[in-house]
Amino acid sequence: MNSLAERGIRFEDAHTNSAVCTSSRYGLLTGRYAWRTSLKSGVLSEPKNNKPLIKPDRLTLAGMLKKFNYHTACIGKWYLGIEWEKNEKGESDYNQPFIYGPNDVGFDYFFGINAALDMTPYAFYKNNKPVQPLNDYQSAHTFPKFIREGPKSKDFKHSEALDRITEEAVNYIEQQSKNSNPFFLYFALTSPHKPVWPAKRFQGSTTMGSYADFIVQTDWTVGQILNTLKEKELQDNTLVIFTSDNGSFMFRVNPDKNYPFGQNIPDQSFYVRKVGSGLQDHVENAEVHGYYPFVHQANYMWRGTKADIWEGGHRVPFIVR
């Protein structure tokens, strides 16, 4: 990411139109305010209750580019709702083809997961069908490997999901490099969203716990895309945009009890670590959802975190090369 920033432009006052995932993605792909859908707050919850937020007749970024002969692909996390087939009991059948997904709103190709990596069903979908049948079951985990229980396919491993979609993205770029028409790839990473579960080779790669290890893997993933563009001699005429859908969910753990737990104060001089305070951060205890500010500040000096109306919730990195 540093190299991307050095060779590109950093927009340092960039904001999403919401401080959470689903609504920000809707705004990005449609150019509309997030609240113009039926979802007025929060994110889509359990997939069985979700309805697609983007209507098939709504022009999207992908649909617009298709009009100019771009091949379009969505790889990674969708999280904008799809319409599942129902079984005889009226329940969602995750093994059947679905409708009103990415392919119905401008994308020629889709490979990825229905929603966030901590939400069922746990399976990879290619276009509108599961790659492997969902004949297994995932038990629940607590933070940092936070996962809800639910159906999964036997080939699905949370710690390998980021590698899997990265491989798909690299393959897509390689295939498109053989064609004369341009392409648009919307590569929606599953990291560093929970479950905070980096691949085994990245575990322990930092001294700041699993979340920081996951950031390192995210950085490596960006490198795979840039390297592929370079290898295929596409980097000189390819616009690369790196951004986020919201701020980090990791808050500041304030070791001074004179201030509210987790309060965000930009001036680090306010913080004095007090022995015996009883508080811990993510480095000391991986189940803690935050850092001491002298160890790491996930949202820089901005107040708040993901889901907050403060800048820490919606002010995001935005790099263009």
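Is R201 buried, partly exposed or exposed, and what is its relative accessible area? I looked this up at the outset, keeping in mind that the model is predicted, and found R201 partly exposed, with a relative accessible area of 46%.

**Entry 1: salt bridges**

I then asked which residue R201 pairs with, and found a salt bridge to D163, in which the closest N and O atoms are 2.7 Å apart. This pair links distant parts of the chain, since R201 lies in the loop between β11 (183–188) and α5 (209–231) while D163 belongs to helix α4 (residues 161–176), 38 residues apart. In the structure as a whole I noted 11 salt bridges.

Turning to the beginning of the chain, I found the side chains of E12 and R10 meeting in a salt bridge at 3.0 Å, N to O. E12 has a relative accessible area of 55% and is therefore exposed, and R10, at 53% relative accessibility, counts as exposed too; the cut-off for that class is over 50%. I also recorded a salt bridge between R7 and E6, with the closest N and O atoms 3.9 Å apart, and both R7 and E6 are exposed. A network of salt bridges links D13, E311 and R315.

**Entry 2: the three-stranded sheet**

I next traced an open sheet of three strands, whose order is β1-β16-β12 and whose pairing is antiparallel. β1 (9–10) and β12 (241–243) stand at the edges with a single partner strand each, so one side of each is left without a neighbour in the sheet. Looking at the pairing of β1 with β16 (residues 318–320), I found two bridges in the antiparallel sense, and the bridge partner of I9 in β16 is V320.

**Entry 3: strand β3 and its partners**

How many of the seven residues of β3 are buried? I found six, so β3 is largely enclosed by the rest of the structure. I then looked at its pairings: β3 and β11 run parallel and are joined by six bridges, with G76 standing opposite A188 in β11. The pairing of β3 with β6 is likewise in the parallel sense, over five bridges, and here A73 stands opposite Y109 in β6.

**Entry 4: nonpolar cores**

Which residues have the most contacts inside the largest nonpolar core? In this core of 39 residues they are I75, L185 and F187. Two or more residues each come from α1 (2–6), β3 (71–77), β6 (109–113), α4, β11 and α5, and α5 gives the most, with seven residues. I followed L185 further and, leaving aside its neighbours within four places in sequence, found it in contact with A73, I75, A169, Y172 and I173. I also noted a second, separate core of 29 residues, which includes L39, L65, F110 and Y186. For context I wrote down that in soluble globular proteins nonpolar side chains tend to be buried together.

**Entry 5: a nonpolar patch at the surface**

Finally I looked for nonpolar side chains at the surface and found that L59, M64 and F68 make a nonpolar surface patch of about 300 Å². L59 is found in the loop between α2 (21–30) and α3 (61–66), and at 44% relative accessibility L59 counts as partly exposed.

Technical notes
Residues numbered from 1 in each chain as written. Predicted model: local features only at pLDDT ≥ 70, side-chain atom pairs only at ≥ 80, totals over all residues. Heavy atoms only, no water. Pairing = 2+ DSSP bridges. Helix = DSSP H or I, 4+ residues; strand = E, 2+ residues; numbered from the N terminus. Salt bridge = Lys/Arg side-chain N within 4 Å of Asp/Glu carboxyl O. Buried < 20%, exposed > 50% of the residue type's maximum accessible area, 1.4 Å probe, protein only. Patch = residues over 30% accessible without salt bridge, like charges linked within 9 Å, V, L, I, M, F, W, Y side chains within 5 Å. Areas by Shrake-Rupley, 256 points an atom, 1.4 Å probe, with all protein chains shown as cover. Core = buried A, V, L, I, M, F, W, Y, C linked by side-chain atoms within 4.5 Å. Contact = heavy atoms within 4.5 Å.
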